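This report describes a single protein chain for a reader who works with computed structures. Please keep the sequence and the coordinates at hand while reading.

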Amino acid sequence: MRDHDRRISAKQLQIGADAIRKRLRGQRYRLYTRVCANIGVYTSGNEVRMGKGKGSFDYWAARVAVSRILFELKGDLHEQIVRDAFRLAGNKLPGLYEFVRKGDPPVMGITKVEAGTTLEEMQRPRLKLPMNVTAGRLPATAPP
């Protein structure tokens with residue numbers, strides 16, 4: 001996941017996994033789904049008044065955070081074929097997704113932590129303002 005947190009239904013996760021399986025048909029691999037749809041979503045009708053209960057069960061969903069890995073693949077496959085399979089799965093899922101390999105630099109939020117980047121640099125404000133550039137005091141108003 002690359003853009004922001006969202007809720008993905010179990011059916012959408014299954015469609016994404018099926019897209020990967022369909023593209024890699026005939027290859028020797030093992031696909032792991034790293035998220036589980038464990039949140040029940042309940043809905044009530046459109047024109048139901050407030051206070052009439054929780055509603056009926058609709059579907060299972062999973063909350064997926066930024067930089068969370070959804071699918072993991074193990075096997076001796078060419079990288080371009082695997083990238084294509086994950087691209088097809090990402091097109092069927094809501095949100096923006098990114099292909100990551102083992103050994104890529106870690107990610108903090110949406111920022112990749114490259115070599116030489118420290119935690120202090122990541123936590124500092126992006127723009128350092130000089131001390132003389134601050135909000136001025138509002139002029140006092142005279143009583144009428």
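The sections below cover the basis of the values, the fold, the core, the contacts of two strand residues, the aromatic residues and the salt bridges.

## Basis of the values

The model is predicted, so local features need pLDDT of at least 70 and side-chain atom pairs count only at pLDDT 80 or more, while totals for chains, interfaces and linings use all residues. Residues are numbered from 1 along each chain as its sequence is written, and side-chain values use heavy atoms, with hydrogens and water left out.

## Overall fold

The protein has three helices and seven strands. Helices (H or I, at least four residues) and strands (E, at least two) are DSSP runs, numbered from the N terminus. Read from the N terminus, the order of elements is β-α-β-β-β-β-α-β-β-α.

Of the 144 residues in the protein, 18% are buried. Here buried means under 20% relative accessible area, exposed means over 50%, and partly exposed lies in between (1.4 Å probe, protein chains only). The exposed area of the protein is about 11,800 Å², and carbon and sulfur atoms supply 51% of it. Accessible areas come from the Shrake-Rupley method with a 1.4 Å probe; for residues, only the protein chains shown count as cover. Among contacts between residues at least 6 apart in sequence, 67% join residues at least 24 apart, a contact being heavy atoms within 4.5 Å.

## Nonpolar core

In soluble globular proteins, nonpolar side chains tend to be buried together. A nonpolar core is defined as a set of buried Ala, Val, Leu, Ile, Met, Phe, Trp, Tyr and Cys residues joined through side-chain atoms within 4.5 Å. The largest such core holds 19 residues, of which Ile-8, Leu-13, Ile-20, Leu-70 and Phe-71 touch the most other members. Two or more residues of this core come from each of helix H1 (10-23), strand S4 (56-64) and helix H2 (79-92).

Which residues does Leu-13 contact, leaving aside its neighbours within four places in sequence? They are Ile-8, Val-35, Ala-62, Phe-71 and Leu-93.

## Contacts of Ser-9 and Ile-39

Ser-9 belongs to strand S1 (residues 6-9) and is buried, at 14% relative accessibility. Not counting residues up to four places away in sequence, Ser-9 touches Tyr-59, Trp-60 and Ala-61.

Ile-39 is part of strand S3 (residues 39-43). With residues up to four places away in sequence again left out, Ile-39 touches Tyr-59, Trp-60, Ala-61 and Arg-63. The C-alpha atoms of Ile-39 and Trp-60 are separated by 5.5 Å, and the two residues are 21 residues apart along the chain.

## Aromatic residues and surface patch

The structure holds three aromatic pairs. One of these is Tyr-42 with Phe-57, an edge-to-face pair at 5.6 Å centre to centre and 75° between the planes. Because Tyr-42 lies in strand S3 and Phe-57 in strand S4, this pair ties together parts that are 15 residues apart in sequence. Rings of Phe, Tyr and Trp (its six-membered ring) pair if their centres lie within 6.5 Å; planes under 30 degrees apart count as stacked, over 60 as edge-to-face and the rest as tilted.

Ring pairs join Tyr-42, Phe-57 and Trp-60 into a cluster, and Trp-60 sits in strand S4. Tyr-42, Phe-57 and Trp-60 also make a nonpolar surface patch of about 330 Å². Patches consist of residues with over 30% relative accessible area and no salt bridge, with like charges joined within 9 Å and nonpolar side chains (Val, Leu, Ile, Met, Phe, Trp, Tyr) within 5 Å. Tyr-42 is partly exposed at 39%, Phe-57 is partly exposed at 39%, and Trp-60 is partly exposed at 45%.

## Salt bridges

Six salt bridges are found in the whole structure. The criterion is a side-chain nitrogen of Lys or Arg within 4 Å of a carboxyl oxygen of Asp or Glu. Asp-18 and Arg-21 form one salt bridge, at 3.0 Å from N to O. Both residues lie in helix H1, three residues apart, about one turn of the helix. Asp-18 is partly exposed at 37% relative accessibility, and Arg-21 is partly exposed at 37%.

Asp-84 forms a salt bridge with Arg-23, at 2.7 Å from N to O. This pair links distant parts of the chain, with Asp-84 in helix H2 and Arg-23 in helix H1, 61 residues apart. Asp-84 also forms a salt bridge with Arg-87, where the closest N and O atoms are 2.6 Å apart. Asp-84 and Arg-87 both lie in helix H2, three residues apart, about one turn of the helix. Arg-23, Asp-84 and Arg-87 are thus linked in a network of salt bridges. Arg-23 is partly exposed at 34% relative accessibility, and Arg-87 is partly exposed at 46%.
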